[in-house]
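Here's a quick tour of a protein fold, working from one helix outwards. Have the viewer open and follow along.

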Amino acid sequence: MNTLTIDIRKAEPRDADAIADVHQAAWRGTYAGIIPHRALNGMLGRRGPQWWAHAIRRATSILVVDMGGKVAGYATIGRNRARELPQQGEIYELYLRPECQGIGLGTRLFAAARTRLAAHNMKGLVVWALEDNVGALDFYAGAGGRDIAEGVEVFGQKALRKIAFAWD
């Protein structure tokens, strides 16, 4: 009998290629048809393995879901960037490989990110999601997030609404 281990840990330099792969697959799966093709490809082109290696070396807070020795997802976390919101922590990104979605890994990664932010004495948490990303809206609402603010993100020539979810 084989046992599959699932671990959530801080990203290491050796994870850069795998995180770049997850980023590519997750963003293409999530945002194709939402973010204009040219803008999406441009964003993906800028965030390859070297970009992620640099982010890890800069001590950016990146958590990975390690499933049987392979990176299945990642989250980037830190201080809330929206000064008008009282929550101190923010999950900037939380993405899983498309084939790893819907089996509870996102919930585990989200919980680990919240725990890590709380361990750094950040009270409250905010996460932004594009309004057209129904899967993310459902996930964060299902996790108890309150819809507290709206904003706009511009991709190429297209302005897309985004929603902030908060936890105290």
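## Starting with helix H1

In H1, the buried residues are Ala16, Ala18, Ile19, Ala20, Val22, His23, Ala26, Trp27 and Tyr31. Keep in mind that this is a predicted model. The cover over those buried H1 residues includes H2, H3, E2, E3, E4 and E5.

Does the helix length add up, and what should 16 residues span? At 1.5 Å a residue, the 16 residues of H1 should span 22 Å, and the end C-alpha atoms are 22 Å apart, so the two agree. Just after H1 comes glycine 33, with a positive phi of about 90 degrees.

## Two nonpolar cores

Part of H1 goes into the largest nonpolar core, which has 27 residues. Ile19, Trp27, Ile35, Ile62 and Tyr74 have the most contacts inside this core. At least two of its residues come from each of helix H1 (16–31), helix H2 (37–46), helix H3 (49–57), strand E2 (61–67) and strand E3 (70–79). H1 gives the most, with eight residues.

Tryptophan 27 is worth a click. Setting aside residues up to four places away in sequence, Trp27 touches Ala32, Leu40, Met43, Leu44, Arg47, Tyr74, Glu93 and Tyr95. Apart from the largest core lies another one, of 24 residues, among them Leu94, Leu117, Ala136 and Trp167.

## The seven-stranded sheet

Now for the sheet. Seven strands form an open sheet with mixed pairing, in the order E1-E2-E3-E4-E5-E7-E6. Strand E1 (6–10) and strand E6 (146–155) are the edge strands, each pairing on one side only. From one strand to the next, the twist averages 25 degrees.

Two helices to look at here are H3 and H4. H3 packs on the sheet, touching E2, E3 and strand E4 (89–96), and its direction makes about 115 degrees with that of E2. H4 also packs on the sheet, where it touches E1, E2, E3, E4, E5 and E7; the direction of H4 makes about 155 degrees with that of E4.

## The two edges

At the E6 edge, E6 and strand E7 (residues 158–167) pair in the antiparallel sense over nine bridges. Aspartate 147 has phenylalanine 165 in E7 as its bridge partner, and arginine 146 stands opposite alanine 166 in E7. The hairpin of E6 and E7 has two residues between the strands, and glycine 156 in that hairpin takes a positive phi near 65 degrees.

At the other edge, aspartate 7 lies in strand E1. Aspartate 7 has a relative accessible area of 39%, so it counts as partly exposed. Leaving out residues up to four places away in sequence, Asp7 touches Val64, Val65 and Asp66. Aspartate 7 and tryptophan 128 are 121 residues apart in sequence, and their C-alpha atoms are 25 Å apart in space.

## Helix H4, face by face

Back to H4 for the same length check. The 15 residues of H4 (residues 105–119) should span 21 Å at 1.5 Å a residue, and the end C-alpha atoms are indeed 21 Å apart.

Which residues of H4 are buried? They are Leu105, Gly106, Leu109, Phe110, Ala113 and Leu117. Looking down the axis of H4, these buried residues fall within an arc of 135 degrees, so they line one face of the helix. Turned away from that buried side is a face carrying the exposed residues Thr115 and Ala119.

## Two loop asparagines

Asparagine 121 sits in the loop between H4 and strand E5 (125–130). Is asparagine 121 buried or exposed? Its relative accessibility is 60%, so asparagine 121 counts as exposed. Most residues other than glycine have a negative phi. Asparagine 121 is not a glycine, yet it has a positive phi of about 60 degrees.

Asparagine 133 is in the loop between E5 and helix H5 (134–142). With 11% relative accessibility, asparagine 133 counts as buried, because the cut-off is under 20%. Neighbours within four places in sequence aside, asparagine 133 is in contact with Thr30, Tyr31 and Ile34.

Definitions and conventions. Residues are numbered from 1 along each chain as its sequence is written. This is a predicted model: local features need pLDDT of at least 70, side-chain atom pairs count only at pLDDT 80 or more; totals for chains, interfaces and linings use all residues. Side-chain values use heavy atoms; hydrogens and water are left out. A nonpolar core is a set of buried Ala, Val, Leu, Ile, Met, Phe, Trp, Tyr and Cys residues joined through side-chain atoms within 4.5 Å. Buried means under 20% relative accessible area, exposed over 50%, partly exposed in between (1.4 Å probe, protein chains only). Helices (H or I, at least four residues) and strands (E, at least two) are DSSP runs, numbered from the N terminus. Contact means heavy atoms within 4.5 Å. The expected span of a helix is 1.5 Å times one less than its number of residues. The arc is that of the directions from the helix axis to the C-beta atoms. Two strands pair if DSSP finds at least two bridges between them. Axes are lines fitted to C-alpha atoms, for helices over the stretch in contact, and angles run from 0 to 180 degrees between N-to-C directions.
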